[in-house]
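Okay, thanks for coming, everyone. Let me put the structure up and walk you through it.

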Amino acid sequence: MKGPSPRRLWKYATRRLGLKPYFRSPGDGRLRPQIPAHALLWALLIGHVLRQYAFHAVEALVRSPARRWLGVSAAFGDDALGYFTERLNPASTRAALAATLRRAKRNKAFDDSRFIGLAVDGTTVGRTSAAACPLCRPWRNAAGQVAGCRHHFTLISVVGTGLSLPFDVEPYGPGDSEYAAGQRLLRRAVGNLGVRFADYLVVDGEFATAPFLQAVGALGLHVVARLKANLPALLEAAQRRFRSQPPPTTFWDGPDRVEVWDADDFDPWETLRWETVRVIFYRQHPPQGNVIEAFWLTDFPTRRVSSRSLYRMAKSRWEIENQGFNDAKNRHGLQHICRHHANSLLVGWLLTLLALTIERLYRLRYLHRGTHRVRTAIELVRLLWLSLARPSFTDTS
Ligand SMILES: [Zn+2]
């Protein structure tokens, strides 16, 4: 039978993406393992791809006759997954994700785009009624009372290339912050990917501080950051200048008319060691009305990046919301707590990202060779499920 199947996906991951060494030694911290680590790991990953992420759901799959078609070599219970993920070293999965991205770049997966972007942003997952791990942060209801706890992390994703690949997370517990976690994440991610992997980092306004922008520059990246009221002097200067001028650049983004103002001679604020700051302002007119406008700042020189390219880079930040958080939460169980244990949670988030990365490279690049159209995510999920329903008489194991 031709067409996508979990076993073909396994072959793709281990051979084409070079993940065989990772499956062989994924940082297994169990003392006397009975079940091979690769069986547990692949069951978790294929579970995420099939949108069956709960440990009980994975157990049901591997205890069913479909197990051999899933490519999982042993059956096990949900407790085995809990024990395994509590002890799995997250560094190995982070390294596997970075290696997969480097290989994708070598294989020209991003060659359609002139610039490769990275985006960093924070999110909230895993709400529970009571604190149970060191990452739990209390959350308060409208009356200000502690009403439970939840978990936070910053996520980093490749953006701006037509292939959104989220590839690392950094949690922040009580006493820590999104801003501090974002800096740790960026430093580690660039260390794992290599300094020349990406061209720019795009972030929301809360990261637009002098220390953060300078740290980005020191990592060899340009930065594109939302300019908001936390930088009042620069925002006011840009508003004063741009709102009094007609737009110098106008173009169409799909059905939307876009006007862009752009100037590279604004003064940096006291602590920012840049000679000047470039600011763009866009006003986007969708056909139905509801004008969208925003200010952004950057250190990209005008001669290297046009107003229009800068607009696209600014817009690429939405990928971390849509193809990052929304996809992972709504379809792949990023919100779900399988085992309330700090390492288990972190490993679960990282494995969600690895499953998304394998699925996207397989579907959007590997299956898309030739002239046929790209399959949607749900089409691939259906084909994978259908491939599991085979007659039992062929089962000779
Ligand atoms: Zn917790």
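**A quick walk through the fold**

Let's start at the N-terminal end, with helix α1. The buried residues of this helix, which runs over residues 6-16, are covered by, among others, α3 (37-49), α5 (67-70), α13 and α14 (377-388). Keep in mind that this is a predicted model.

So which residues of α1 are buried? They're Pro6, Leu9, Trp10 and Ala13. Looking down the axis of α1, you'll find those buried residues inside an arc of 105 degrees, so they line one face of the helix. That fits the usual helix geometry: with 3.6 residues a turn, residues three or four places apart point the same way. Right after α1 comes Gly18, with a positive phi near 70 degrees.

Okay, zooming out. We've got 14 helices and ten strands in the chain. The radius of gyration is 23 Å, close to the 21 Å from the globule rule for 397 residues, so the chain is as compact as a globular protein of that length. The C-alpha trace spans about 75 × 55 × 40 Å along its principal axes. Of the contacts with a separation of 6 or more, 66% are between residues 24 or more positions apart.

The domain assignment splits the chain into domain 1, which is 6-92 + 336-394, and domain 2, which is 218-308. Their centres, over C-alpha atoms, are 42 Å apart.

Now the inside. The largest nonpolar core has 115 residues, and the ones touching the most other members are Leu40, Leu45, Leu201, Ala225 and Leu227. Which helix gives the most to this core? That's α13, residues 342-366, with 13 residues. And the core takes at least three residues from each of domain 1 and domain 2. Take Leu45: leaving out residues up to four places away in sequence, Leu45 touches Leu351, Leu354, Ala355 and Ile358.

Last stop, the strands around β3. β3 covers residues 146-159, and ten of its 14 residues are buried. β1, residues 117-128, pairs with β3 in the antiparallel sense over ten bridges, with Ala119 opposite Ser157. β2, residues 137-140, is antiparallel to β3 too, over four bridges, and there Arg137 sits opposite Arg150. The β2 and β3 hairpin has five residues between the strands, and Gly144 takes a positive phi near 85 degrees in it.

Then there's β4, residues 165-171, joined to β3 by six bridges and running antiparallel. Val158 stands opposite Leu165 in that pair. This hairpin also has five residues between its strands, with Gly160 at a positive phi near 80 degrees.

Methods:
Residues numbered from 1 in each chain as written. Predicted model: local features only at pLDDT ≥ 70, side-chain atom pairs only at ≥ 80, totals over all residues. Core = buried A, V, L, I, M, F, W, Y, C linked by C-beta atoms within 7 Å. Buried ≥ 20, exposed ≤ 12 C-beta atoms within 10 Å, placed from the backbone. Helix = DSSP H or I, 4+ residues; strand = E, 2+ residues; numbered from the N terminus. Domains from an automatic or database assignment. Contact = placed C-beta atoms within 7 Å. Arc of directions from axis to C-beta. Rg over C-alpha atoms; globule rule 2.2 N^0.38 Å. Pairing = 2+ DSSP bridges.
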